[in-house]
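Okay, everyone, let me put the structure up and walk you through it. I'll begin at the surface and then work inwards.

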Amino acid sequence: MRELILTAEQTEDGMTALNFLKARGFSRRMVTSLKRSGGLTRGGEILRSVDKVCAGDVIRVVQEDSGGVVPNDSICVEISYEDKDIIIYNKPPFLAVHPSVRHYDDTLANAFAARFPDTLFRPINRLDRDTSGLCVCAKNRLAAAGLADLKKVYFAVVNGELYSGGTVDLPIGRESESIIKRCVKSDGKHAITRFDPIERINGRTLLKIRLETGRTHQIRVHMSHIGYPLCGDRLYGGDASINRQALHCGEAEFTHPITKERIYTAAPLPKDIRALLYNGLK
């Protein structure tokens, strides 16, 4: 359960409760859910969405959730940031984010359920099982709805040496007769990837990558398409120098949906990617 105490300001005087809450980041659907659950009150009395609020009114919002995922407290995942509304995990490689047929109780969702048994798991950015790094999760609906401005920076090691940055602006779609694999195709979805080289070592390049869209396998598909597949990414033409795609979500930044503070957190390159790059050089 998440409780919020909201005080109406002078500029909000005379607004309906619905418009007051929408201005604070609540969707109409969320307000409807609050009404049905009795989670919207003023002075101990139920506040209807059509009621008008006055400057100085103290409005109590109680959001309740149900988890629905099997908890597993044996899964230990580093936490990079946490408050009442958000938790950011530094996910290791080979840990799936969501349960599936093959991963029923050994995912990040199961670790979350062990820590927050009565809270729905809401990952804002979803990493592939083999991709490591920051996974931002909201603890309630309001936080999830307000994290639309989440900015992420990825780090990848590619085969080949790149000396200048660039942008790949090519549509991505599902490859014919494949459930998993994606490719650049004219009728695919709009996708933009921006990359900059950080350093070149042993015929490989460490890249800093920013996405303007969020398509499945976007970084892997775009870099492979321009001739620089990710190391270890055998699905898209990479070598076998590492036993997963060398991709890491290393930075996350956003405006906190409740406090409106600017939040930034970072996760260093994991050991296997550092070893791939430096191989004893550092």
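So, L235 sits in the loop that runs between α5 and β15. Keep in mind that this is a predicted model. Is L235 buried or exposed, or something in between? Its relative accessible area comes out at 36%, and buried means under 20% while exposed means over 50%, so L235 is partly exposed. L235 also has company: together with I179 and I180 it makes up a nonpolar patch on the surface. Added together, those three have about 320 Å² of accessible area.

Now for the charged side of things. There's a patch of positive charge on the surface too, where K22, R28, K35 and R36 gather. Which helix gives the most to it? That's α2, residues 28–37, with 3 residues in the patch. R28 is one you'll find in that helix.

Okay, going inside. The largest nonpolar core has 40 residues, and Y89 and M223 are the ones with the most contacts inside it. The elements that put two or more residues into this core include the helices α3 (108–115) and α5 (218–225), along with strands such as β6 (86–91) and β15 (247–255). The largest share comes from β8, with 5 residues.

And to zoom out before I stop: the protein chain has 282 residues, and 47% of them count as buried. You're looking at 6 helices and 16 strands. If you're thinking about box set-up, the C-alpha trace spans about 65 × 45 × 40 Å along its principal axes.

That's me done, thanks.

Note on methods
Residues numbered from 1 in each chain as written. Predicted model: local features only at pLDDT ≥ 70, side-chain atom pairs only at ≥ 80, totals over all residues. Heavy atoms only, no water. Patch = residues over 30% accessible without salt bridge, like charges linked within 9 Å, V, L, I, M, F, W, Y side chains within 5 Å. Areas by Shrake-Rupley, 256 points an atom, 1.4 Å probe, with all protein chains shown as cover. Salt bridge = Lys/Arg side-chain N within 4 Å of Asp/Glu carboxyl O. Lys, Arg positive; Asp, Glu negative; His and termini not counted. Charge placed at Lys NZ, Arg CZ, Asp CG, Glu CD. Helix = DSSP H or I, 4+ residues; strand = E, 2+ residues; numbered from the N terminus. Core = buried A, V, L, I, M, F, W, Y, C linked by side-chain atoms within 4.5 Å. Buried < 20%, exposed > 50% of the residue type's maximum accessible area, 1.4 Å probe, protein only.
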